[in-house]
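Visitor: Hey, got a few minutes to walk me through this one? I'd like to pick at a few spots.
Guide: Sure, pull it up and ask away.

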Amino acid sequence: MAYQTTNPYTNEVVKTYPEATPAEVEAALAQAQALYKQWRNDPVSTRTPVLHKLAQIFRDETDSLAKVLTTEMGKLFVEAQGEVILCAEIAEYYADHAEEFLQPRQIASIAGDAQLENHPLGVLMAVEPWNFPYYQIMRIFAPNFAIGDPIVLKHAAITPGSALAFEDAVRRAGAPAGSLTNLFLSYDQVSQVVADDRVQGVALTGSERGGTAVAEVAGKYLKKTTMELGGTDAFIVAHDADMAMVNSIAPRARLYNAGQVCTSSKRFIVTENHYDEFLASLKRAFAAVKLGDPMDPTTSLAPMNSKKAKEKLQAQVDAAVAGGATLAFVHDPVDSDGQFFLPTILTDITKDNPAYGKEMFGPVAQVYKVKDDDEAVALANDTNYGLGGIVFAGTGDYGAQLASRIETGQVYVNTFFSSLPELEFGGVKKSGYGRELGREGISSFVNQELVVKRDKPNDNEFGGLVLPFHLN
Ligand code: NAP
């Protein structure tokens, strides 16, 4: 596996990077472990100023950091700028709230004065994807740096420059060496790092395939994991939805980041009274999209991240059509060698179609017609995934009732799906487990250490498991 930056708009190979040597891997683990031992004794307040500084770097250097993203995986420059700012916000959020979140919790108990303390767990392995190359790292870095868990990072093979830029920003923010160490690891080396006794947790964001492979190794070696995986998120248009709102948000919900978002709306599930209007509107919106240079502010759809991803998506569309789906819309061809995928709409996808229930990671919308809202919820739930979702309904309250019936991790009602520092992010079923961001996002890799104290034992008060032995 080669770590390589290839610009998907120009196809220029910008740079290739050698894989980490065994000596580099060992040095990174030793340094991270030594830092963990030191951090074990340092309060959270010694680290939060570094997160503020890191946020400032992301704000001060937004354009240069954004350009790295656009060059490596092709996203629109304006979207790359947004990602950089969101990273600053996440760093600030944990800088401001980590101490409060990590306070010990007092427990009323007959055993004594009990409290649950939050300590670092140890060195973590983070395996991250290319679709939001900084944001994905920041989601795991900011909370765990605050806790005191050093991180060894394996980023996607196609975004090595983003990994290095992030690591450099962390260093310049004043974080001690070992806080975040990027390594260009092979899959076998990832397994070795996960197996290493110094590593206590593994956070992976990526596909079901990648998650399964890494979770299997983590399970073998009893490492705590969080898995942020793929999805086939539903966008439900309920019988009483406001179609002006639906029609303005639906195209963006599918095409943002060239459709390469885990929580993109991949299945539009539309009640029959709105179906024809919805389909016509989505076609018009997809037709109006301008494919072009992602650095050009007038471009509205960027190329996909790589030739390989484009070919995989095309094979999925071809299989769907061969399996009976209707190609309801395909955008006009574009005169460019960039890795563009023409926005596409598929309808008439039956349960036996190869595309049914599969994640299509690019600008392809699946549109389904249903009789009523109950059928919409049932179809939304008929998938092995459960990451996000959007519901449009006549009122927020009614939409929320439908939302609560969807087996998924997060649903937005009558609005665009957004990821913000204070909002927990994560899924159920094959979309993974655990949560990143928000208050829960700082709880995954802490050692919740129970300390019960009293000045001397009190024989008369023992309870719980001790009681039978005491009576004997
Ligand atoms: P992927 O192939 O699983 O890759 C993700 C990361 O895992 C990359 O760093 C990849 O390295 C690594 N990896 C894959 N297989 C591995 C193995 N056997 N051993 C060690 N490392 C391995 O995912 P992707 O297709 O690039 O990313 C898109 C997927 O991520 C989509 O399914 C999307 O929905 C999901 N995603 C989920 C979230 C979320 O928060 N739930 C967020 C963003 C994306 P290489 O690049 O070297 O292969």
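Visitor: Which strand does Val330 lie in?
Guide: Val330 belongs to strand E12, which covers residues 326–330. Keep in mind that this is a predicted model.

Visitor: And is Val330 buried or exposed?
Guide: Partly exposed, because its relative accessibility is 38% and that class sits between 20% and 50%.

Visitor: What patch is Val330 part of?
Guide: A nonpolar one on the surface, formed with Val321 and Leu327. Together the three have about 210 Å² of accessible area.

Visitor: Switching topic: what's the strand order in the open three-stranded sheet?
Guide: The order is E3-E4-E20, and the pairing is antiparallel. Strands E3 (105–107) and E20 (446–453) are at the edges; each has a single partner strand, so one side of each has no neighbour in the sheet. From one strand to the next, the twist averages 25 degrees.

Visitor: How many bridges join E4 to E20?
Guide: Eight, with E4 spanning residues 113–120 and the two strands running antiparallel. As for cross-strand neighbours, His119 sits opposite Asn447 in E20.

Visitor: OK, now Ala91. Where is that, and is it buried or exposed?
Guide: Ala91 is in helix H4, residues 77–101. Ala91 counts as buried because its relative accessible area is 0%, where the cut-off is under 20%.

Visitor: Which residues does Ala91 touch, leaving out those up to four places away in sequence?
Guide: Leu51, Ala55, Met138 and Ala142.

Visitor: And how far is Ala91 from Pro354?
Guide: Their C-alpha atoms are 41 Å apart, with the two positions 263 residues apart along the chain.

Conventions: Residues numbered from 1 in each chain as written. Predicted model: local features only at pLDDT ≥ 70, side-chain atom pairs only at ≥ 80, totals over all residues. Heavy atoms only, no water. Patch = residues over 30% accessible without salt bridge, like charges linked within 9 Å, V, L, I, M, F, W, Y side chains within 5 Å. Areas by Shrake-Rupley, 256 points an atom, 1.4 Å probe, with all protein chains shown as cover. Salt bridge = Lys/Arg side-chain N within 4 Å of Asp/Glu carboxyl O. Helix = DSSP H or I, 4+ residues; strand = E, 2+ residues; numbered from the N terminus. Buried < 20%, exposed > 50% of the residue type's maximum accessible area, 1.4 Å probe, protein only. Pairing = 2+ DSSP bridges. Axes fitted to C-alpha atoms, helices over the stretch in contact; angles between N-to-C directions. Contact = heavy atoms within 4.5 Å.
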